[in-house]
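Open the model in your viewer and colour it by secondary structure. This tour tells you what to select next and what is there.

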Amino acid sequence: MPKINGNEIKPGFILEHDGGLWAAVKVNHVKPGKGGAFAQVELKNLRDGRKLNERFRSEDRVERVELENKDQQFLYESDGRLIFMDAETFEQVEIDAELLGERRPFLQDGMVATVNYYGDEALNVTLPAKVRCRVVETEPVVKGQTAANSYKPAILDNGMRIMVPPFIGPEEEILVHTEFMEYSERV
């Protein structure tokens, strides 16, 4: 695994630090008037979700880890475990449902997601950027509300509550950003 300098860390990098695998969430390069420059890095543990703020000076050497990304099809959920299948080898893999966190309701049967592996260990599941959902329930449009950039609450077919524009009604299909969990566009 390649070692990089502390000032080369960028958001999204996976680092081996303090005996664990950490994802760099936020990186802020600081150049104080006195002393040497450093990178203030917010790290998230890929195994247990802990967060850590760490300072890396330019002379600090850090181990950068490359994860293997595989597109796999979601089959079903059983006892808090998600079952994915590799499209090439047809091998089935069990992944803890907690890896998805609050994005779990957006995972749909048959959906192809990217699973990040470190060796044989699945560390993360990345859903497609946008997912098609159906609005089950929403408030009716209030006259005069369309003049301002206003949104109203809606409940989707997967049970999630999001804010949608006033022109969206019940039974309409919309696309939802899975990363931000917000309305994207009408289908």
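## First stop: strand E8

Select strand E8, residues 81-86. Five of its six residues are buried, so E8 is largely enclosed by the rest of the structure. Keep in mind that this is a predicted model.

Now add the strand before it. Strand E7 covers residues 68-78 and pairs with E8 in the antiparallel sense, over six bridges. Pick Gln73 and look across: Met85 in E8 stands opposite.

Next, add strand E9, residues 92-96. E8 and E9 also run antiparallel, joined by five bridges. Stay on Met85. Its opposite residue in E9 is Gln92.

## The two turns beside E8

Go to the hairpin of E7 and E8. Two residues separate the strands there. Select Asp79, in the loop between E7 and E8. Asp79 is not a glycine, yet its phi is positive, about 50°. Is Asp79 buried or exposed? Its relative accessible area is 79%, and Asp79 is exposed.

Move to the other hairpin, formed by E8 and E9. This one has five residues between the strands. Select Phe90, in the loop between E8 and E9. Phe90 has a positive phi too, near 60°, and is a residue other than glycine. Phe90 is exposed, with a relative accessible area of 58%. The cut-off for exposed is over 50%.

## A polar contact at Arg104

Select Arg104, in the loop between E9 and E10. Show side chains. Which side chain does the side chain of Arg104 meet in a polar contact? The partner is the side chain of Glu77, at 2.4 Å. Leaving aside neighbours within four places in sequence, Arg104 is in contact with Phe74, Glu77 and Leu82.

## The largest nonpolar core

Now turn to the interior. The largest nonpolar core has 28 residues. Select Phe84, Phe106, Leu107, Leu156 and Ile174: these touch the most other members. Then colour the elements that give two or more residues to this core. They are strands E8, E9, E10 (112-118), E12 (130-138), E13 (152-156), E14 and E15.

Zoom in on Ile174. What is in contact with Ile174, leaving aside its neighbours within four places in sequence? The list includes Val131, Cys133, Val135, Leu156, Ile162 and Val164. Charged names are on the list as well, among them Arg132, Glu185 and Arg186.

Another core lies apart from the largest one. It has eleven residues, among them Phe13, Trp22, Ala39 and Val41. Select those four to find the place.

## A five-stranded open sheet

Select E12 to E16. Five strands form an open sheet here, in the order E14-E13-E12-E15-E16, with antiparallel pairing. Which strands are at the edges? They are E14 (161-164) and E16 (182-186), and each pairs on one side only. From one strand to the next, the twist averages 55°.

Look along any strand for a general pattern. In a regular strand the side chains alternate between the two faces of the sheet.

Now isolate E15, residues 173-177, and its neighbour E16. The two run antiparallel and are joined by four bridges. Select His177, and then its bridge partner in E16, Glu182.

## A buried glutamate

Select Glu63, in strand E6, residues 61-65. Glu63 has a relative accessible area of 16%, so it counts as buried, the cut-off being under 20%. Add Glu16 to the selection. Glu63 and Glu16 are 47 residues apart in sequence, but their C-alpha atoms are 5.3 Å apart in space.

## Step back

Zoom out to the whole protein. How many helices and strands are there? There are zero helices and 16 strands. The radius of gyration is 21 Å, well over the 16 Å that the globule rule gives for 187 residues, so the protein is more spread out than a compact globule. Rotate the view along the principal axes. The C-alpha trace spans about 60 × 50 × 25 Å.

Last, colour by burial. Of the 187 residues, 36% count as buried. Contacts across the sequence are there to trace too: of those with a separation of 6 or more, 43% join residues 24 or more positions apart.

Conventions. Residues numbered from 1 in each chain as written. Predicted model: local features only at pLDDT ≥ 70, side-chain atom pairs only at ≥ 80, totals over all residues. Heavy atoms only, no water. Pairing = 2+ DSSP bridges. Axes fitted to C-alpha atoms, helices over the stretch in contact; angles between N-to-C directions. Core = buried A, V, L, I, M, F, W, Y, C linked by side-chain atoms within 4.5 Å. Buried < 20%, exposed > 50% of the residue type's maximum accessible area, 1.4 Å probe, protein only. Contact = heavy atoms within 4.5 Å. Polar contact = N/O pair within 3.5 Å; in protein donor to acceptor, adjacent residues only side chain to side chain. Rg over C-alpha atoms; globule rule 2.2 N^0.38 Å.
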